[in-house]
Amino acid sequence: MKHASLLAAGLSIQGGLAQVNVPPNFEIGVKWQIIIQNTIDIAAPIQPTDAVVWDLDLYHVARTPGIVDYLRSNNPNAILVCYFNAGLAQTSDCDYDTRWANSGLLGNIYSPDEPEFSDERWVNIKNQTARDWMKQRITLARDFGCDAVDPDNIDGYLNDEDGDNGTGWSLSQDDYVTFVTELATHAHSLTTQQGYTMLIGQKNAPELVEQVGGLLDFAVLEDCKTLNDDEDYTFCSDFQAYIAEGKPVFSIEYPSTLGNQDTGACSATGASDAQYTASCDTTKGNSGFSTVLKIQGGDGELNGCTQYCSGGEPGTGVVVTATDPELDGGECPPEASD
Ligand SMILES: *[C@@H]1O[C@H](CO)[C@@H](O)[C@H](O)[C@H]1NC(C)=O
Ligand SMILES: *[C@@H]1O[C@H](CO)[C@@H](O)[C@H](O)[C@H]1NC(C)=O
C-alpha cells in the first residue's frame, strides 16, 4: 500500500534504496525522439510536435542556447534526456582537450572494425578520476536543463572477454556495474530544474539488467531485435524487467531502407514494407516499448530522419526533424569544458 501511494505522488522506490521523484508523464509507451548526429535547428518549427521525450547529445545542448526553451515552448512537459558517451571520450566532447586528451586514461579506439569511430577511445572506468569526470558530465547536464541522462557504451566488457583486451584496460562486467552504480547514485542526488530527480537510463548491455536494472529509471536500446545482427538471440525481453517496474523502455531499430547512410537523406515513404513490419512488430519481447526507426551508420546515423510505428502501416509515420550541422562546430561554453 505504501508503495502504491508513493507511485500516485510520482515517487517510486528503486532498488529498495533511494526515492526517485519522476515526472508524471515519464511513462511506459511515451512518444520520443532521439537525434545525436547534429543539434536540432531551433529556428525551424518543431517536428514531431507530439514527442514528449527528446534524447539529444549533451554537448549539442550545451552548444545550442535556447534549446530547452524551444522544446518547452512546444510542450511545457517535454522531458530532455541528454546522451553522453560514458564509456569513451571523443574529440568532439567539450571536455576532451581540457581533461581527457593527456590524462593517461584513454585506451584503444572504439573498434578496429569501425574506423568511422576512430576519434573515440575507451576510458579506464576503473580509475576514480575518470568516474568523477563522467559524474561531472551528469552535473553539467542538470545545469543545462536536462531531466535525465543516457550514458552510452557501458558494455565495454564485451570487448575484453575470453582474454581479449579490446578496450586496453581489461574491463569486466563487474567494473561496469561499479561504474554505472556510481553514476546512478550521483544522478539521483541531483534535482532537475523542473524539480524532479535527475534520472538515468540503461543503454543496451542486457547482461547488466539483473545487477543495475533496479537502480536505473528507464532504458534505451539499439537493435534489440538484432535484425541487423548475425546472432540469433534477442535482448528485448530482458528489458521487460523495466516495464514490470513501470519504467519506460525506448528502442531504436535500424532498417537499412529508411534512408541513405552516407548522405543521411530520408526516404519519404520510410522503410520497405518488410523492414517496417519487422521493426514495428511488438511480439519480439518488446511489448510496451516506445520504438523509433532510425538510420544507422555513416553521416546519417541517428540524424533527424525518423519513422514511427504509430501509423500502423508501412509507408506512414515518417518525420524529419530539422537539424543544424553548422552549430555542432560552435564554441563549447567554458562551463562545459571544465
Ligand atoms: C587515475 O588517473 C589519474 C589521472 O591519470 C592519476 O593521476 C591517478 O593516479 C589514477 N588513479 C589510480 C588509482 O590509478
Ligand atoms: C591491455 O592492453 C594494454 C594496452 O595495450 C596493456 O597495457 C595491458 O597490459 C593489457 N592488459 C592485459 C591484461 O593484457
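In the predicted model, residues 1–9 have pLDDT under 50 throughout, and the model has five contacts beyond four places in sequence for this segment. Where pLDDT is low, the predicted coordinates should not be read in detail. For the chain, the mean pLDDT is 93, with 94% of residues reaching 70 or more.

The largest nonpolar core comprises 91 residues. Those with the most contacts inside this core are Leu58, Leu80, Val81, Cys82, Cys146, Val149 and Leu183. Beyond its neighbours within four places in sequence, Val149 contacts Val81, Cys82, Phe84, Ile138, Ala141, Ala187 and Ile200.

Ligand 1 is surrounded by Ser103, Gly104, Leu105, Asn127 and Thr129. This shell contains one nonpolar and four polar residues, and no charged residues. Leu105 is also among the contacts of Ala130, together with Val123, Asn124 and Ile125, when neighbours within four places in sequence are left aside. Ala130 lies in helix 5, which spans residues 128–143. Ala130 is classed as buried because 21 C-beta neighbours lie inside 10 Å, the threshold being 20 or more.

In helix 9 (residues 273–280), the buried residues are Gln275, Tyr276, Ser279 and Cys280. These residues lie on the same side of helix 9, because they cover an arc of only 115° around the axis. An α-helix has 3.6 residues a turn, so residues three or four places apart point the same way. The buried residues of helix 9 pack against strand 13 (249–253) and strand 14 (290–294). Cys280 is separated from Ala130 by 150 residues in sequence and by 38 Å in space, C-alpha to C-alpha.

Note on methods:
Residues numbered from 1 in each chain as written. Chains lettered and ligands numbered in written order. Predicted model: local features only at pLDDT ≥ 70, side-chain atom pairs only at ≥ 80, totals over all residues. Near = placed C-beta within 6 Å. Nonpolar A, V, L, I, M, F, W, Y, C, P; charged D, E, K, R; others polar. pLDDT = per-residue confidence, 0-100. Contact = placed C-beta atoms within 7 Å. Buried ≥ 20, exposed ≤ 12 C-beta atoms within 10 Å, placed from the backbone. Helix = DSSP H or I, 4+ residues; strand = E, 2+ residues; numbered from the N terminus. Arc of directions from axis to C-beta. Core = buried A, V, L, I, M, F, W, Y, C linked by C-beta atoms within 7 Å.
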